[in-house]
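Visitor: Please take me closely through one part of this structure, and then show me what lies around that part and elsewhere in the chain.

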Amino acid sequence: MLADQIAILNEVTLESLNETNETKIVTSFCNAGMKVLGADYGFVWLNTFSSPELHLVYTSEKLPFTPRTPRKEGRNYGAIKNSTPDFITDTNKVPDADYVREYVKSFVIIPLVYKQSAYGSMVFCFTKPESFPKEKRTLSFFIGNSVAQTITITRLISDERTERLLREERRKIRSVADANHELRTPIAIIQGNVDLALRSKSKKITEYIKTLNAVNHEVKHISGLLSDLTLLSPQDEEVQENIPFGPVSLRNIIFDIVERCEVLARKKKILLEIKTIPQITIPGNKQYLEKMVINLVKNSIVYGVEGGKTEIAIKKTKDKISISVSDNGIGISKEDLPHIFERFYRADSSHVPGQEGTGLGLAIVKFAAELHGGTVSVKSTKGKGSTFTISLPTAHEGM
Ligand code: ADP
């Protein structure tokens, strides 16, 4: 399916964002391109920063011929000039392909062009005749675009002035890809349920209600995901400056959240205990501060054990205010601990049936803490429990 092939290429794009070596980037794309197009061989021509001349930088394994250096008036430069792949369905019919005829029946030259920048071409060869149906043509365009976009980023990154902007751009690409990935599952479940109900011979109302309940569950999940993503979206500095700050009482926030989480806690017979809570007012954004604390308290319940306990405390020292949320729940393994603040990271062992989180909760906690000049840390022992601590600078206090 086209979507699956595109997902493979997107994966390579994401991996390449951490790579600065162009040859390695095109190697990964060439191998993935062969896979998605079903090609037998592939090779890549690239120019350099300073010269438009094409150089062979990669050939796939067992390529039975040596590619001829492209001529200025030849097909490679032609495809680059037109920004369009050149599909050759039958090498017998094109005179300039004479030297590859005995090895390949068809090939495609994909230009690596993005906006005004041309980087070279990627060639895929087929030992059996290939008619290039619509799907393969679309994929060829997609491959060329993905490679060229990735190279654009790699080349720009060596320019110091654009480094900050690029980091921002990469983050955006990554979050769109991550969100795309996370939304795909609930949408697929909805689609599956609806298809099944429409095709079902039984027209019983109970069947329809079951489907609607399943759809409702997924829609709620999507809606939660979207609102979490909205909270995480203003990550560049300019937008952050527009998040309104005002005096916020931490004490009020905590009492309010404990009240809101009481029902959830009662279901698991978890005791929510407020320890020392001095009256502290800081300049901050109420929505983010609330979300920061509620996510920690909710997690302490979701990942807490029946009959367990959550303790919430605020402490103030000379240079910082710390808010801690401790539980005696399932704890977090050493392997998971370094990753839990990453977006969409969920420790497998902690998945609680019927409690599908978004994996964004702790990313929001971290974002909100940093927005207020603070940090978040965690101490946890698997099987014993966890303590999350948010430290905010006291310079922020005193309104
Ligand atoms: P979510 O809870 O939606 O999965 P979070 O970002 O809030 O996402 O948490 C990420 C992961 O960290 C969770 O999936 C869980 O594995 C782990 N985690 C968070 N809080 C706790 C806790 N108090 N106890 C045990 N594990 C936790």
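**A sheet and its surroundings**

Guide: In this predicted model, five strands make up an open sheet with mixed pairing, and their order across the sheet is β7-β9-β10-β12-β11. The two strands at its edges are β7, residues 271-274, and β11, residues 375-381, each of which pairs on one side only. On average, and ignoring direction, neighbouring strands here are turned by 15 degrees against each other.

It helps to recall what holds such an arrangement together. Strands of a sheet pair through backbone hydrogen bonds, and the pairing may be parallel or antiparallel. Within this sheet, β9 (residues 309-316) and β10 (residues 320-327) illustrate the antiparallel sense, with seven bridges between them. One residue pair may be located directly: Ile314 has Ile323 of β10 as its bridge partner. Against the sheet packs helix α8, residues 250-267, which touches β7, β9 and β10. The direction of α8 makes about 170 degrees with that of β7.

Let us turn to the ligand. It is surrounded by 22 residues, and the closest of them are Asn299, Tyr303, Ala347, Gly357 and Gly361. Two helices, α9 (286-302) and α10 (361-371), each contribute at least two residues to this shell. Sorted by class, the shell contains nine nonpolar, eleven polar and two charged residues.

A second sheet deserves similar attention. This open sheet has five strands in the order β2-β1-β5-β4-β3, and its pairing is antiparallel. Because β2 and β3 stand at the edges with a single partner strand each, one side of each is left without a neighbour in the sheet. Neighbouring strands in this sheet are turned by 15 degrees against each other on average, direction ignored.

We may follow this sheet from one edge to the other. Strand β1, residues 41-46, runs antiparallel to β2 and is joined to it by four bridges; there Val44 stands opposite Tyr58 in β2. Further along the order, β4 and β5 pair in the antiparallel sense over nine bridges, and Ile110 has Met122 of β5 as its bridge partner. These two strands form a hairpin with two residues between them, and Lys115 in the turn has a positive phi of about 50 degrees. At the other edge, β3 (residues 86-88) is joined to β4 by three bridges, again antiparallel, with Phe87 opposite Val108 in β4. Strand β4, residues 106-114, is mostly covered, since eight of its nine residues are buried. Helix α3 lies across β1, β3, β4 and β5, and runs at about 45 degrees to β4.

The turn residue Lys115 is a suitable introduction to a further point about the backbone. Most residues other than glycine have a negative phi. Two further residues may be set beside that general statement. Lys62, in the loop between β2 (55-59) and α3 (75-82), has a positive phi near 60 degrees. Phe132, in the loop between β5 (117-126) and α4 (134-157), has a positive phi near 50 degrees. How are these two residues placed with respect to their surroundings, buried or exposed? Lys62 has 7 other C-beta atoms within 10 Å and is therefore exposed, because a residue with 12 or fewer belongs to that class. Phe132 has 17 C-beta neighbours inside 10 Å and so counts as partly exposed.

Helix α2, residues 22-37, permits a simple check of geometry. Its 16 residues, at 1.5 Å a residue, should span 22 Å, and because the C-alpha atoms at its ends are 22 Å apart, the two values agree. The buried residues of α2 are Glu22, Ile25, Val26, Phe29, Cys30, Ala32, Gly33, Val36 and Leu37. An α-helix has 3.6 residues a turn, so residues three or four places apart point the same way. The student may look for that spacing among Glu22, Val26, Phe29 and Gly33, which are among the buried residues of α2. The helix is followed by Gly38, whose phi is positive, near 70 degrees.

Finally, consider a residue in another helix. Ile173 belongs to α5, residues 163-199, and is partly exposed because it has 17 other C-beta atoms within 10 Å. Although Ile173 and Leu17 are 156 residues apart along the chain, their C-alpha atoms are separated by 9.5 Å.

How values were computed: Residues are numbered from 1 along each chain as its sequence is written. This is a predicted model: local features need pLDDT of at least 70, side-chain atom pairs count only at pLDDT 80 or more; totals for chains, interfaces and linings use all residues. Two strands pair if DSSP finds at least two bridges between them. Axes are lines fitted to C-alpha atoms, for helices over the stretch in contact, and angles run from 0 to 180 degrees between N-to-C directions. Two residues are in contact if their C-beta atoms, placed from the backbone, lie within 7 Å. A residue is near a molecule or strand if its C-beta atom, placed from the backbone, lies within 6 Å of it. Ala, Val, Leu, Ile, Met, Phe, Trp, Tyr, Cys and Pro count as nonpolar, Asp, Glu, Lys and Arg as charged, and the others, Gly among them, as polar. The expected span of a helix is 1.5 Å times one less than its number of residues. A residue is buried if 20 or more other C-beta atoms lie within 10 Å of its own, exposed if 12 or fewer, and partly exposed in between; C-beta atoms are placed from the backbone.
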